[in-house]
Amino acid sequence: FEIDSLEELEGLRVPLVWKDPSQREEWVKALKEQGSIASMEAEMVSASGRTIWLLASGLLMTYQGQPAILSIHNEITERKLREDTVKDSERWFRTLADTTTTGIFIYQDDRYVYANAAITRITGYSEREFLQLEHVWDLVHPDFRDTVRERTVARQAGEDVPEHYELKIVCRDGEEKWLDISVGVIDWGGRPAAIGTAFDITGRKQALEQVNALLQEKEVILKETHHRVKNNMNVIASLLTLQSDDVPSDECKDIILDAAGRAHSMMVLYDKLYRSNEVRELDLKEYLEPMVQEILTPFFSAFSVKAELHIENIELATKTLSSLGIIMNELITNSMKYAFAGRREGTIAVDAFRSDNGVTIVYRDDGVGMPPDVDFDTQTTFGLQLIRLLSRQIGAEVEVKRENGTVFTFSIPDSG
């Protein structure tokens, strides 16, 4: 703009006006004192009312023999808006970071460059002490230090590493704490960096350890209980067997031996529970096969019985197995007593397999078969009543057939 004198600049009318008149006064004053201004940021308002930013430079000069100002303006509105956005973002970030209870940290290479107030509360280090740590992994517990070092280096190299994990740190006062860590990659100062959050989960970890300790103690107590029950069942079975020798009546002797057999089948279950790492479920094959052989053993002196066992490895609840053991004892005992009358040999078979709706167990013998006048659903003998009762307890449907002997089929639903 050409003017007659420097003083006329103050009253100069141009398409742009200074948004802050005091800034204009500073610019004029600087021109008077210095004779030039280089790259001064100026906020202007256009004739349309739009606010723009200019990078203004001015020089006092003589033009055609008259005092003049050479003024150069470069618009920097977009740059200023970006800068303002960045500043706003940084202000929001710092406000959020300083008020949250979540620890927030940023590291570049292998040094921390930012830590919020929560980090200092968690670790016990002041912000200055934290940022002066030589390496990111210096406060990490030795059990996790190598892993953190490897992941830090790999992440800085752009490699794919886990973003979320749990680790233990050693605080400034020596206290050990568990942290839940999440880490992501950002740009910091024009260079790649990593930003992370840290939650103190020490209380949760300690509670979990207490729960696990109580569970382990419970498992030990349960195993000891099963061991004692097994021994008591064995004693009961042995006492009943010994008592049977002093009973003159064959009928009473059979009743006592039946009770001993039932106690023995329960003893086998508790022995399996005691030896197993699992007290809620057991493998059907590992339970039934030895139990069948043990039930048959007392009869081998009088019979030659072949046992055909085809049992799949199926995990069942111990309460279901307990009922199945007693049921199997009743079936085998009945077969040995009645199915092979007048014979010196026979065959029993047990098949167990997964079916569409659960588990199917089939017991059969090749004996004389259940008498036609015996109805399983209404028979009042103790043994059959016991089988019906236990079958209902485990939700099993029972089908009885007379085919070259007797066949019992138990269909146990998955919920059983």
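Helix H9, which spans residues 318–339, lies across strands E11, E13, E14 and E16, and runs at about 15 degrees to E14. This is a predicted model, and the description below starts with the sheet that carries this helix before turning to two hairpins and a loop glycine.

The strands beneath H9 belong to an open sheet of 5 strands, ordered E11-E13-E14-E16-E15, in which the pairing is mixed. Strand E11 (304–311) and strand E15 (397–401) stand at the edges, and because each has a single partner strand, one side of each is left without a neighbour in the sheet. From one strand to the next, the twist averages 10 degrees. A further helix, H8 (residues 284–296), lies across E11, strand E13 (345–355) and E14, and its direction is at about 175 degrees to E11. Within the sheet, strand E14 (residues 358–365) and strand E16 (residues 406–413) run antiparallel, and arginine 364 stands opposite valine 407 in E16.

Elsewhere in the chain, strand E8 (residues 176–188) is joined to strand E7 (residues 164–170) and also to strand E9 (residues 191–200). The table sets out the antiparallel pairs together with one pair of facing residues for each.

| Strand pair | Bridges | Facing residues |
|---|---|---|
| E7 and E8 | 7 bridges | glutamate 166 and aspartate 180 |
| E8 and E9 | 10 bridges | valine 185 and alanine 194 |
| E14 and E16 | 8 bridges | arginine 364 and valine 407 |

How many residues lie between the strands in the hairpin of E7 and E8? There are 5 residues between these strands, and glycine 174 in this hairpin takes a positive phi near 90 degrees. The hairpin formed by E8 and E9 has 2 residues between its strands, and in its turn glycine 189 has a positive phi of about 65 degrees.

Another glycine, glycine 49, lies in the loop between strand E2 (36–45) and strand E3 (51–63). Is glycine 49 buried, exposed or partly exposed? Its relative accessible area is 48%, so glycine 49 counts as partly exposed, given that the exposed class begins over 50%. Glycine 49 and valine 17 are 32 residues apart in sequence, whereas their C-alpha atoms are 9.8 Å apart in space.

Note on methods:
Residues numbered from 1 in each chain as written. Predicted model: local features only at pLDDT ≥ 70, side-chain atom pairs only at ≥ 80, totals over all residues. Heavy atoms only, no water. Pairing = 2+ DSSP bridges. Helix = DSSP H or I, 4+ residues; strand = E, 2+ residues; numbered from the N terminus. Buried < 20%, exposed > 50% of the residue type's maximum accessible area, 1.4 Å probe, protein only. Axes fitted to C-alpha atoms, helices over the stretch in contact; angles between N-to-C directions. Contact = heavy atoms within 4.5 Å.
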